[in-house]
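Q: Please take a close look at one residue near the start of the chain and at the side chains around it. I would like one connected account, with the cut-off behind each term.

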Amino acid sequence: MSEKIVACDNEKCLKSDECERHQLFKNGEKEYKTFNGNPDKGCGKFIKLAK
């Protein structure tokens, strides 16, 4: 069984446009949290978007 991916609402993160978590949030996922990415670096929870 695969683990559910928790969405992220952190728009300040350097990699938010490339992150699966942020895309889930933008698509309306209700279960989310703010991970620790910032304008200078992405966070350790980054998941690259599938093409």
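A: Two residues are in contact when heavy atoms of theirs lie within 4.5 Å. The model is predicted, with local features requiring pLDDT of at least 70 and side-chain atom pairs counting only at pLDDT 80 or more, whereas totals for chains, interfaces and linings use all residues. Numbering starts from 1 along each chain as its sequence is written, and side-chain values rest on heavy atoms, with hydrogens and water left out.

The residue chosen is Val6, which lies in the segment before strand S1 (7–8); strands (E, at least two residues) and helices (H or I, at least four) are DSSP runs, numbered from the N terminus. Val6 is partly exposed, at a relative accessible area of 25%, where buried means under 20%, exposed over 50% and partly exposed in between, using a 1.4 Å probe and protein chains only. Once neighbours within four places in sequence are set aside, Val6 contacts Arg21, Glu31, Tyr32, Lys33 and Phe35. The C-alpha atom of Val6 is also 9.4 Å from that of Lys30, a residue 24 places away along the chain.

Of these partners, Arg21 belongs to helix H1 (residues 20–26), and its side chain reaches the backbone oxygen of Val6 at 2.8 Å. That is a polar contact, a pair of N or O atoms within 3.5 Å in which, within protein, one must be able to donate a hydrogen and the other to accept it, residues adjacent in sequence counting only if both atoms are side-chain atoms. Beyond four places in sequence, Arg21 contacts Ile5, Val6, Ala7, Cys8, Phe35, Lys45 and Ile47. Arg21 is buried yet has no salt bridge, the nearest side chain of opposite charge being Glu3, 6.7 Å away. A salt bridge would place a side-chain nitrogen of Lys or Arg within 4 Å of a carboxyl oxygen of Asp or Glu; Lys and Arg count as positive, Asp and Glu as negative, while His and the chain ends are not counted.

Tyr32, another partner of Val6, is partly exposed at 42% relative accessible area. The structure has 1 aromatic pair: the rings of Phe25 and Tyr32, with centres 4.8 Å apart and planes at 70°, are edge-to-face. Rings of Phe, Tyr and Trp (its six-membered ring) pair when their centres lie within 6.5 Å, and planes under 30 degrees apart count as stacked, over 60 as edge-to-face and the rest as tilted. Phe25 is likewise partly exposed, at 23%.
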